[in-house]
Structure formats: C-alpha cells, structure tokens
Amino acid sequence: NHTLLRHREIAEFVSGAMAGAMTKAVLAPLETIRTRMVVGVGSKQIFGSFMEIMEHNGWQGLWAGNTINMIRIIPTQAIELDTFECVKWSMTSAQERWKEDSSPKIQLGGLTIELPLHLLSPIAVGGAAAGIVSTLVCHPLELCLRIA
C-alpha cells in the first residue's frame, strides 16, 4: 500500500507538471497577443496583433518569453495537483474514520466541544491547501523570475 501511494503521488506530480506545461504551451500565443495589446504595442485588435507578430518574428514570436512562464508554471501546477490529491485523499480517509468512531473533540475544562469536521468538503480543503502550499513553495521562484 505504501508503494502504491508513492507511485500515485509521483504520477499526480508529473500529471500536474504536464498539465501546466501543456496549458502554457497552447495558450502562449494568446498571452503574447494580450500582453502586446495591454502594453499598447502595435495593433489594438487581436487579428492585427497576430499578423504583426507573424510578419516581424514568424511563428516563434508567438511563443516569445514563454520559457520563463514554463519555469514558473510547471512546478506550481505539479505541487498544486499533488497537494490537492493528497489532502483530499487524507480528508476523505479521516472522515470515514470519524463516522465510525466520532469526530475529534476539544476538552476545555469541563466542557467538551465536538468538531464537526465531517461536514467539511475534502475538495474545498484540498483546493485551499493546494493554493497555499504552491504559493509558499513557488513564490520565491516567481520573485526571482520577475527580477531576472
């Protein structure tokens, strides 16, 4: 079971990295055009910007600057998907145990407070954890890339 868990986590990490890379690779031309339009370089229309890029830089111009985006997005997406799946799986397992035994409790003097954690959505908790962990881990990388 522990070996299976390791393989699942690695597969999720690689899947997240591949998803991030594919997303950036496919959407890079739109991002390049959008950036040019926001900055005010060239045409103010999508098709006009596309034609200007093609005339001056060819197909490669549509992916200008995408390497830095790839360096940023690949680890971010990998960590997000892996964290999301791990937390979701852990929460679901814990909730099943809490249904059998009982929810966690806090003892404050003579008062016992039962925490209704079984009502939390594993998907919501996993999503929140994924965003927090990926930001904490990848934010220094993003700062370095912005400085460079």
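Visitor: Why is Lys 88 called partly exposed?

Guide: In this predicted model, Lys 88 has a relative accessible area of 25%. Buried requires a value under 20% and exposed a value over 50%. The 25% of Lys 88 meets neither condition, so the residue is partly exposed.

Visitor: What makes the contact between Glu 85 and Lys 88 a salt bridge?

Guide: The N to O distance between their side chains is 3.5 Å. The limit is 4 Å between a side-chain nitrogen of Lys or Arg and a carboxyl oxygen of Asp or Glu. This pair therefore qualifies. Both residues belong to helix α3 and, because they are 3 residues apart, are separated by about one helical turn.

Visitor: Is Glu 85 counted as buried or exposed, and on what value?

Guide: Glu 85 has 19% relative accessibility. Since buried means under 20%, Glu 85 counts as buried.

Visitor: How do you know that Arg 8 and Glu 12 form a salt bridge?

Guide: Their side chains meet at 3.2 Å, N to O, and the cut-off is 4 Å, so the pair satisfies the criterion. The two residues are 4 residues apart in helix α1, which means a separation of about one helical turn. Arg 8, at 23%, is partly exposed, whereas Glu 12, at 12%, is buried.

Visitor: What makes the pair of Glu 52 and Arg 36 a link between distant parts of the chain?

Guide: The side chains of Glu 52 and Arg 36 meet in a salt bridge at 2.9 Å, N to O. Glu 52 lies in helix α2 (residues 46-57) and Arg 36 in helix α1, 16 residues apart. Glu 52 has a relative accessible area of 23% and Arg 36 one of 22%. Each is called partly exposed because buried requires a value under 20% and exposed one over 50%. The whole structure holds 4 salt bridges, among them the pairs discussed here.

Visitor: How many disulfides does the structure hold, and how do you know about Cys 86?

Guide: The structure holds 0 disulfides. The closest cysteine sulfur to that of Cys 86 belongs to Cys 138, at 15 Å. A disulfide needs two cysteine sulfur atoms within 2.5 Å, so Cys 86 and Cys 138 are too far apart for a bond.

Visitor: Why are Cys 86 and Cys 138 called buried?

Guide: Cys 86 has a relative accessible area of 19% and Cys 138 one of 7%. Both values are under 20%, so both residues are buried.

Visitor: What lines the largest pocket, and which helix supplies the largest share?

Guide: The lining consists of 14 residues; nearest the centre lie Ala 28, Glu 31, Thr 32, Asn 66 and Asn 69. Helices α1 (2-39) and α3 (66-100) each supply at least two lining residues, and α1 supplies the largest share, with 8. The space within this pocket is about 200 Å³.

Visitor: How is the lining of the largest pocket divided by class?

Guide: The lining has 4 nonpolar, 8 polar and 2 charged residues. Among the residues nearest the centre, Glu 31 counts as charged and Ala 28 as nonpolar.

Visitor: Where does the Solcar label come from, and which residues does the feature cover?

Guide: The label "repeat: Solcar" comes from UniProt, in an unreviewed entry, which places the feature at residues 7-90. In the model this span is 83% helix and 0% strand, and its end C-alpha atoms lie 16 Å apart.

Notes
Residues are numbered from 1 along each chain as its sequence is written. This is a predicted model: local features need pLDDT of at least 70, side-chain atom pairs count only at pLDDT 80 or more; totals for chains, interfaces and linings use all residues. Side-chain values use heavy atoms; hydrogens and water are left out. UniProt positions are given in the numbering used here, feature names are shortened, and annotations may be inferred rather than shown by experiment. Buried means under 20% relative accessible area, exposed over 50%, partly exposed in between (1.4 Å probe, protein chains only). On a 1 Å grid over the protein atoms alone, a cavity is a set of points where a 1.4 Å probe fits but cannot get out, and a pocket is an open set with protein on both sides within 12 Å along at least five of seven lines; lining residues have an atom within 4 Å of a point. Grid points are joined across faces, edges and corners, and a volume is the space filled by probe spheres set on the points.
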